[in-house]
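This report walks through the salt bridges, helix packing, surface and loops of one protein chain. Please keep the sequence and the model at hand while reading.

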Amino acid sequence: MLLVEHEGRGGNPRGTSKREDILDTLINLKRPDDYDVEDGARFEVHLGKARGVYGEAAKPFEAKLEVHDGKARWSVRAIQDREFDKVQTLSGSALSVREIAEETGLSKSKVSRIQAQLKAEGKL
């Protein structure tokens, strides 16, 4: 069975949640914070409920429809990779941890952890 719903004002599906009780998987599609209309079909995929799905397969990811040489294909990357790219770019701009956190919406501690990992990998 496939049930498609849209969010209400509070970010939750409209109406009763009882109809979701029997479902094995809930997939939430969200627009990325840095989305631009020129990006086209680009969204984050989050599993709200995933019976039998765990580990790497349960991690949220970003999907984007791209057209190359007249052929459409989906590209997928981990949301964590996108966060790393943002922090790496902003770190090169000589911004402070606080400024990077404000710009990206990440916590200061997460920005610091990402910077430490990027330095360990020789990317900063």
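## A buried arginine and its partners

In this predicted model, the side chains of glutamate 44 and arginine 82 meet in a salt bridge, with N and O 2.6 Å apart. The two residues of this pair come from distant parts of the chain, glutamate 44 lying in strand β2 and arginine 82 in helix α1, 38 residues apart. Glutamate 44 counts as buried because its relative accessible area is 10%, under the 20% cut-off that the term requires, and arginine 82, at 6% relative accessibility, is likewise classed as buried.

Arginine 82 also forms a salt bridge with glutamate 62, and here the closest N and O atoms are 2.7 Å apart. This second pair again links distant parts of the chain, since arginine 82 belongs to helix α1 and glutamate 62 to strand β3, 20 residues apart. Both arginine 82 and glutamate 62 are buried. Arginine 82 thus has a salt bridge to glutamate 44 in strand β2 and another to glutamate 62 in strand β3.

## The wider salt-bridge network

Which residues are linked with these three in a network of salt bridges? The network consists of Asp34, Asp39, Arg42, Glu44, Glu62, Arg77, Arg82 and Asp85, while a search of the whole structure finds 11 salt bridges. Side chains of opposite charge can pair when their charged atoms come close.

Within this network, the side chains of aspartate 34 and arginine 42 meet in a salt bridge with an N to O distance of 2.8 Å. The two partners differ in their accessibility class, because aspartate 34, at 37% relative accessibility, counts as partly exposed, whereas arginine 42, at 9%, counts as buried.

## Histidine 46 in strand β2

Strand β2 also holds histidine 46, which is buried, with a relative accessible area of 19%. Leaving aside residues up to four places away in sequence, histidine 46 touches Leu26, Ile27, Asn28, Lys30, Pro60 and Ile79.

Histidine 46 can also be placed relative to glutamate 62, one of the salt-bridge partners of arginine 82: histidine 46 and glutamate 62 are separated by 16 residues in sequence and by 8.9 Å in space, taken from C-alpha to C-alpha.

## How the helices cross

Two packed helices are described by the angle between their axes and the distance between the axes. For helix α1 (residues 79-91) and helix α3 (residues 108-120), the axes come within 10 Å and cross at roughly 80°, which means that α1 is roughly perpendicular to α3. On the α1 side, the residues in contact are Glu83, Phe84, Val87, Gln88 and Ser91, and they meet Lys110, Val111, Ile114, Gln115, Gln117 and Leu118 in α3.

Helix α3 also packs with α2, where the axes come within 9 Å and cross at roughly 110°, so that α2 is roughly perpendicular to α3. Here Val97, Arg98, Ile100, Ala101 and Thr104 in α2 meet Lys108, Val111, Ser112 and Gln115 in α3. Val111 and Gln115 of α3 therefore appear in the contacts with α1 and in those with α2.

## A nonpolar surface patch

Which residues form a nonpolar patch on the surface? The patch is made up of Ile27, Leu29, Leu47 and Val53, which together have about 330 Å² of accessible area. Ile27 is also among the residues that histidine 46 touches. Valine 53 is situated in the loop between β2 (42-50) and β3 (61-68), and at 31% relative accessibility it counts as partly exposed.

## Exposed loop residues

Most residues other than glycine have a negative phi, and most peptide bonds are trans. Aspartate 69, however, has a positive phi near 55°; the residue lies in the loop between β3 and β4 (71-78) and is exposed, with a relative accessible area of 81%. Alanine 94 also has a positive phi, of about 65°, although it is not a glycine. The position of alanine 94 is in the loop between α1 and α2 (97-104), and its relative accessible area of 69% makes it exposed.

Another exposed loop residue is valine 37, with a relative accessible area of 69%, found in the loop between β1 (25-30) and β2. Valine 37 and aspartate 69 are 32 residues apart in sequence, and their C-alpha atoms are 22 Å apart in space.

Definitions and conventions: Residues numbered from 1 in each chain as written. Predicted model: local features only at pLDDT ≥ 70, side-chain atom pairs only at ≥ 80, totals over all residues. Heavy atoms only, no water. Patch = residues over 30% accessible without salt bridge, like charges linked within 9 Å, V, L, I, M, F, W, Y side chains within 5 Å. Areas by Shrake-Rupley, 256 points an atom, 1.4 Å probe, with all protein chains shown as cover. Salt bridge = Lys/Arg side-chain N within 4 Å of Asp/Glu carboxyl O. Helix = DSSP H or I, 4+ residues; strand = E, 2+ residues; numbered from the N terminus. Buried < 20%, exposed > 50% of the residue type's maximum accessible area, 1.4 Å probe, protein only. Axes fitted to C-alpha atoms, helices over the stretch in contact; angles between N-to-C directions. Parallel < 35°, antiparallel > 145°, perpendicular 65-115°, else oblique. Contact = heavy atoms within 4.5 Å.
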